[in-house]
Every structure is written in structure tokens, then in C-alpha cells.
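Me: Please take a close look at one part of this model, and then set that part in its surroundings. A connected account would be preferred to a list.

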Amino acid sequence: MPVAEKTELLTNAAGRSVLEVVNGRPQTPYLGVGKYRPTGTKASPPIHTAADYPQNGDKVVTDLETALRKCGLRDGMVLSSHHHLRDGDRVALMMLNAAGRLGAKDLVWFPSASFPSQKSAIELMQSGVIDHIEGSMNGPLGDYCTRGKMRGLGVLRSHGGRWQAIQDGEVHIDIAVIAAPSADAFGNCDGSHGKSACGSLGFALADSIYADHVIVVTDNLVPFPCVPCQIQGNNVDYVVQVDSIGDAARIVSGTTQITRSPDRLRIAELVARFLRDARIMRDGFSFQAGAGGIALAFVSYLKQLMKEAGVRARFVRGGSTKLLVELLEEGLTDYILDGQTFDLDGVRSIASNPRHVATSPFTSYNYHGKGNFASMVDAVVLGATEVDLNFNANVVTHSDGRLMHGIGGWQNCLASRCTILAVPSFRDRIPVILDEVTTLCGPGELIDVIVTERGVAINPRRQDLVDAVKGSNLPVRPLADIKAEVERICGGRPCRPKHGHRPVAVVKWVDGTLLDTVWQVNGTF
Amino acid sequence: MNAYPATKTLSEEVEHPASEAGRCGPDVRSDLRVRIERREHGGIEIDLHSRVEPYYGESIRRLADTVLEELGIRHARVHIEDEGALPFVISARLEAAVKRAGLGKGTRVLPDQVKVPQASARDRLRRSRLYVPGSEPKYFINAALYGSDGVILDLEDSVHPSEKDAARLLVRNALRSVDFLACERMVRINQLPLGLEDLDEIVPECPDLILIPKVEIPDQVMAVEKRIDEVKSDYGLTRPIWLMPILESALGIENAFAIAKASEKTVALTIGLEDYTADLGVVKTSTGTESLYARHRVLNAAHAAGIQAIDSVFGDVGDLDALRAWATNSRGLGFEGMGCLHPTQIPIIHEAFAPTANEIERARKILAAYNEAQEKGLAVVSLGSKMIDPPVVNRALKLMARALAMGVVQ
């Protein structure tokens, strides 16, 4: 049976109960936005010497087990992997299974995100190969964790928070395994070419710099030099060649379709009109939107409004998709600054268009950077599972407390000049606007606008935005009004499911402090 | 709880076939399946599986108890598979299942009433009317948000024959419980005589307008009007319920004017092109040449009768450019609106049926010239070198009134 963490609970600055100690490490409770200012020196990798590496640059070894053994795999090590191949990834499980075959136990798996196709990691947790996962968990892995079956606590971090945790030494990666759509024998690698091309490899960049050991796994070994290369071979210990690093169909989508759901289209249209009417959409502006149904439709509506107004953006941030690529190719934006690449058009563009630029969590999101791109974006459009009357939002759990999504770049993007959450006002009769979110992931002071199919609610802290859209024909309404209407439609306020008393995971804020706790949920699901 | 003494002993209990209503399954949203097994004693036993159990489980059980009590069901096993249905849907499905089983007192169990909007005006804008299938509750809830002039809760072609009874209850409850905002609340009833039964259930909930399908002779319109008047009088209702006959056959087209004149309550005449082209045995094309004569007949008959002429729906919801072309042409012919099958069609149709900036500008000039002539006491109005006849002034007045109603001008 899993052992419950014996630790005291503290109340943080957001009023949420958080743990003093997580997986044996003392924690700092969330202090408020921008309040935590740690001092000292950043973590650094051990000294390596070029003389220890082959002069001819050939670091290829026969297989992943050999590479792991040569890296000194031991029980309890932290092994990292990345999600640039998304649900098509084969390398993370390849790494965990190889470690299992070598007899390793109690490993910490530190993925930049996990995906449903990696559900067999559950068996490795049951057999003791993996102790716990520090990274997003959803689907079967999320359920396993939420039921309290994982031994250690899950630690949920944003993409920027992952870089921060590596840099301030909270997580020390023993061995990083990087899936590479193209690599040379020296370990230079890139994601823009090859049969498993996926676009940016930015999520693996920190690991390549800070891990003790770095292994590159590729299904497209090219003669030196691999150009372009986002990851430098100078940080790489070994290169392993395999038949396939991933299932191409699930790495990027072949056809990016805009939703046909009338409600989602309406929300997307309202967001686009908000940007126009609040005069955020103007020459030289910037925005970020992901690849979800509403975000894609939003880009398509905004494009129309930009054309009508003759407005051109300076840069847009992805998740890039066909829609952003069209903006770039039609001259409606000067640049795409791309965090990850979601479809074939995105991959083609990043590989061929010098104005489509790969970014990383370091350039975009890192709390320990000397600033980052996210706060320079004029508007960002995000989703949420729940919001509350204080504009706080939840993105990781369902209202019943089950883990559903990772944090991804979501928390980091809240730094934008105008953060817009585009959400339906209820899903399957379950209201999305509550008195208090089940799990706090984003503090309301950073969330400016909530757009639902029933109206647009502007955070009263943003009087400037309230004033900006005065006189427009947008359906601007107080959030409490929308909430009351939805509760009438749904037949009253929903009961709040009671959660267990045992923590199963923690939610970190972008600075590494503890923002909230995810509790065990019992019952059938 | 057992209010009545058992009339039979356990050994005498007879098996009754179970009866069902509604739908469930992983792809179903906002609906539920209810299965009722009658029994002779033991009270009500509810077996509930709901995707919103933690939030509304208790509320669903309480609602089911209340509805069954109102229906006069004292003993039954009730299985509910719920996919997040709203209360008015739950109540309609329970009522349908009970009535299908031939149980209960035949009560109409009515959900809470939202504020009934003002009665609609005879000549209001009817540019767009959004069809919503009467057996798909998930589409009801937000139907009014997309800004169409009307919402049609459809009991006819979008409802399978085996679901007509249940859809009628669902639509009735929706009329009470769903806020259709500024939309005109329309119901398309079934072809007569089934459509007359629909009216018994629908009319007490004050729809603004009834669409009568497949009208071929004026008597059909009169029969609907008569039935509406009877139900209204039974319930003491006075608010108007307008009629819009749909002509969908060669015979209907031939009788267009008589149909348009059949009732004082008729405010618009429209055409159903799928059935009309099928009747003629021709292919329906996106340019509509095969139905041009029929559409002209409808237009002329409607104008002769002093009512609105409304065009058919445009079936290809994926092709907005073709829709725009159709709608622009339709307005040019003299139609005042169209049907919509998907909300994305609404703004395209509104745009196409709105007077253009040029037209508005010209109408303004004509009216200014007319006013000037009036002030000067001149009998002849002229604009530049052109004489302006009274019909031209009338047309300009109509155009400005319409532009005002659409919010195109202030």
C-alpha cells in the first residue's frame, strides 16, 4: 500500500492549504504574485571534459539500455523525457522500460508532460520501477494518481516552472533522454526534419543543459552536422538509433479543423471582437492562442477582423497551427514565436520560414530568467476547467477533484498584458463559474477577462479594459450575473463533491512555491 | 411509503413490460434514458446513473419523485441513465416513459416557467429562423444566443416517427423553461392530422408562431387556426399565435394565394424546396433554377395577401459563400428572410438581407427630396434630373424602416 505523506499543512497567501514537505523536500507556500525572491546561485551540471568524449564525435551506442548503463543508472534517479512528440511519443516508455529491465527501482519520472498513450507507466509504478511522476498527469495516469495509488506525491508544474525547478536545484535530473526527429552522431539534434518531425524541441532544452547525463534517441541519424540544431551535441553523452521514435499520426495532426460547435464558435468570436473593441488589436500588437477548439476558431475570427481593419501583428505565439502559419504567409504577422508545433503546416513552416522561430520555456516563461516573453504579449487566450467569482481559475482538475490536464504554459501565459479565459459557462449541466475553484492554478489578479457563450465578464481590477469596451455592442456582464443565470438553467447550485483528506499531488506556482493541493478522490471513475 | 392498500398479493403480481424514453450513451449530451417498470407495491425505487451524480444526483432523485407523484405513479422501478440533462428534459422524459407505459393519470407535468416574453408583432423582422430538432435537447439550451430572429422547435422532419410523442413533451417543456431571449418562439408541428395533436400540448405554452408543413389547401390552415382557438379558449389565452404555412408541393404552389389568405393569423408564407423538388422529380441545385417559378409564385401570393414571403433553408451548411449568393439573390427576388440549419448561417443571412449602404444612401436622398417637395408644396418630386414617382418614395420609406429595424441605421 502507498504510504501517506506525514506532514503539516500551512495556509498560503491565497488561503489554500498546502504541505510543508513534498517528497521529502521542505516547501515554501505561495506568497503572492512576484513576491517570492529566492537568492543564491543557480544549479549547475557537473564539470565534463572533452577529453573524455570521442575525438571523432561519434557518440552512437548500440541501444538505450547500453546508454543508460553507461550513464550510471541507479535506483532512485530522476529520469526526464519530453512531450514534443505528444501522444505519438514512444521514447519515454522506451526509456522507462529499459530502466526497468536493467533492474532500476524507485525512479522519479520527470516528463515535461505525460500523455494517455503512456498509461503503461502505471505498471512500472505498481512494480516499483517508478516511485512517482513529477509532471502533468491526465487520463489513466491522472486517475491512478487521484485515487491515491502513486507512492510519492505528484508535482504539477508549468512549462516555465519546470525550467525554474531545474535552475534553482529543486529537481536535479540524473539522466535526460531526448527524442530527436533528426540528430547526428555528435548529438546535435532538431525537430524540424525527419519522418517524425515535430517542430520545436524547446521542452528538452533545459534538460540538455542541466542534466548530469544526456541521451539522444533518434530515428533519423544524419551525417554531422545536423543543421539546423536546437539542441547542442556538446551537452550530449550518447546517441541511440532506433527504428521509430513515434507514431507520426499522433505527433502532429494532418488536418487542423476548426470546431463546428456553435457555442465554441460564439465564444471564439466574442474573444476576437473583444480584442478589436478594446483596441488591443492594433498595428504591431501580439497575441498567443493554443490549438484547442476555441483558440483555433478565435484565430480565424481575429484574422477576419485584422483584414477588415488593415491591422498587422508584430508577432504571434504558438502552439503553431495551420491558422497561425496562414497569418504569417499572408503578411498579417511579422513572426511566429513557436513553443510547440501542432500540425503538418506548422512543421513545414518552422522548417522553411525564417520568420517562424522556435522558442523554449527559457525564452518564454522562466521565473529565474531576466524577464521573459510571456509578459510582453498583448493578449493571450486560454481555457480553464473552472473559474470563480474572484477570477481565480483551475486548469488541472475536474470539479470532482480528478486530475484532467497538465498546467502546460497556462500559468506562465497569465503574465500577458491581457489574459482572457474562453470557457463555456457550463459543461454537461456542471456550472463552470463557482464561488471557489476546486483547485487553484491561476490567481484572479492575473486573469482579466472571462468570455463565455452568455457574455463577457471583465475583472473589476481592470477598469482600463472596462472603459475600453464601453459603447461597444459586446455582451459585457458581471461574472456573478452569468453565474446566477447558469445556476438557474442548471436547476440550482451544484453540490460540491467532498474530497478526501489525503494529498495526492501539489500545484506549484511559476516561482516554485506551493499554490494548492490535489486531494485523493475515492469512488468509481 | 404506501398510500393505498395493496390490491394484489405478491403471488398475484403481474409482469408489465418496461417502457423507455430518451437517449443515453457516451456521445449523448444533455439527455437521459428513463426506463419504468411498473409494480404493484413497494413505492418508487430510483436507480440513477448520472455523469453529474456528485453535483446533481440528489436533485435528480427529488425531481423524479415529484414528477412521478404528479403523474400519479405510486409504485415503480425507475432506471435513469443521465448524461447531464437539465431539469425540464428529465421531467419530459419521465412523463414520456410513464405515458408510453400507459400509466398514471395523464397529467401534464410542467416545469418551472421562465418569464414569458412579450407577444411577437405581426410584422416583426423574420430574416432568419433557426431550426432545432425537437428530440435533441442539447440544441435547445443555447439556441437563442446566436441572434436569429426566430427559433423553430421542430416536431416534423427532424423527429423520427417513433419519437413524436416524446418530442412534443420536450418542446412543450422547452417553451416553458428555456429563455429564448429576443427570438420569436416558433414550433413546426407535424403534418395534419398528427399536427393537431401537437397543438393540444404546445399551444398552452404560448408559442409565438406555428409553422404548418406541407400545406396544399386552405382548409389545412383553417383547421390549424380552429384547433389553436379551441385550445386557447380552454386555457383562457388571448395572446396571438401567428401562422406560417410551408408550401412543399406543386399543388401547394398552385394554391399559394388561397392558402396565404386562409387565416387572419397568417403572417408569412414560405416554401420547402427539398419536398417541392422531390414532388417535381428534379434535382435541387444551389442556384435554384428548378424552383424559380415556385418561389415567384410564393412571393407574389404573399405580397398579394399582404404577408411576408420567406425563402427556404439552404442545405449545405459548410458552404457559406454559396449561402451568401443564394441569400443575396433571394432578397433581390423579394423574400424577407430564410431558414437556417446551423448558427453559422445566421450572420451571413442577416448581412444579405440588410439594405446595402448604397441603397440606404439613395433612399435617404429620395426621402429628402420628397420632404423638400412637400414643404414647398410641389406636386412633382425630382432628384437631380429624374422624376420620382410615389411608389419610389414608398419603397424608400419601406427600406429605411427595415434598415432601422435591423439596426443598420440609427
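Reply: Helices (H or I, at least four residues) and strands (E, at least two) are DSSP runs, numbered from the N terminus. The model is predicted, so local features need pLDDT of at least 70 and side-chain atom pairs 80 or more, while totals for chains, interfaces and linings use all residues. Residues are numbered from 1 along each chain as its sequence is written, with chains lettered from A and ligands numbered from 1 in the order in which they are written.

The part chosen is strand β10 of chain B, residues 268-271. A268(B) and T270(B) point to one side of β10(B), and L269(B) and I271(B) to the other. In a regular strand the side chains alternate between the two faces of the sheet. All four of these residues are buried (20 or more other C-beta atoms within 10 Å of a residue's own, against 12 or fewer for exposed and partly exposed in between, with C-beta atoms placed from the backbone).

Strand β10(B) has parallel partners in β9 and β11 of chain B. Strands pair if DSSP finds at least two bridges between them. With β9(B), residues 242-247, two bridges are formed in the parallel sense, and I271(B) is the bridge partner of L247(B). With β11(B), residues 308-313, the parallel pairing has three bridges, and A268(B) is matched there with Q308(B).

Further along chain B lies helix α13, residues 357-376. Its 20 residues should span 28 Å at 1.5 Å a residue, and its end C-alpha atoms are 29 Å apart, which agrees; the expected span is 1.5 Å times one less than the number of residues. Directly after α13(B), G377(B) adopts a positive phi of about 70 degrees.

Earlier in chain B, S50(B) belongs to strand β3, residues 44-50. S50(B) is buried because 23 other C-beta atoms lie within 10 Å. Apart from neighbours within four places in sequence, S50(B) is in contact with Y56(B), G57(B), I60(B) and D82(B), contact being C-beta atoms, placed from the backbone, within 7 Å. C24(B) is 26 residues from S50(B) in sequence and 10.0 Å away in space, C-alpha to C-alpha.

Chain B also meets chain A, in a contact that takes 17 residues from chain B and 18 residues from chain A. Helix α1(B), residues 53-71, supplies five residues, the largest share of the side of chain B that touches chain A.

Chain A offers strands to set beside β10(B). Strand β7(A), residues 107-111, has five of its five residues buried, so it is largely enclosed by the rest of the structure. L107(A), W109(A) and P111(A) point one way from β7(A), and V108(A) and F110(A) the other way. Four bridges connect β7(A) in parallel to β6(A), residues 78-81, and V78(A) has V108(A) as its bridge partner. Elsewhere in chain A, three strands form an open sheet in the order β9-β28-β29, with mixed pairing. Its edge strands, β9(A) at 154-156 and β29(A) at 514-519, each pair on one side only. Strand β28(A), residues 503-508, is antiparallel to β29(A) over five bridges, where V507(A) stands opposite D516(A).

As for confidence, the model scores ipTM 0.87 and pTM 0.92. The mean pLDDT (the predictor's confidence in each residue, from 0 to 100) of chain B is 92, and 96% of its residues reach 70 or more. Residues 1-16 of chain B, however, have pLDDT below 50, and this stretch has twelve contacts beyond near neighbours in sequence. Where pLDDT is low, the predicted coordinates should not be read in detail.

Terms used:
Two residues are in contact if their C-beta atoms, placed from the backbone, lie within 7 Å.
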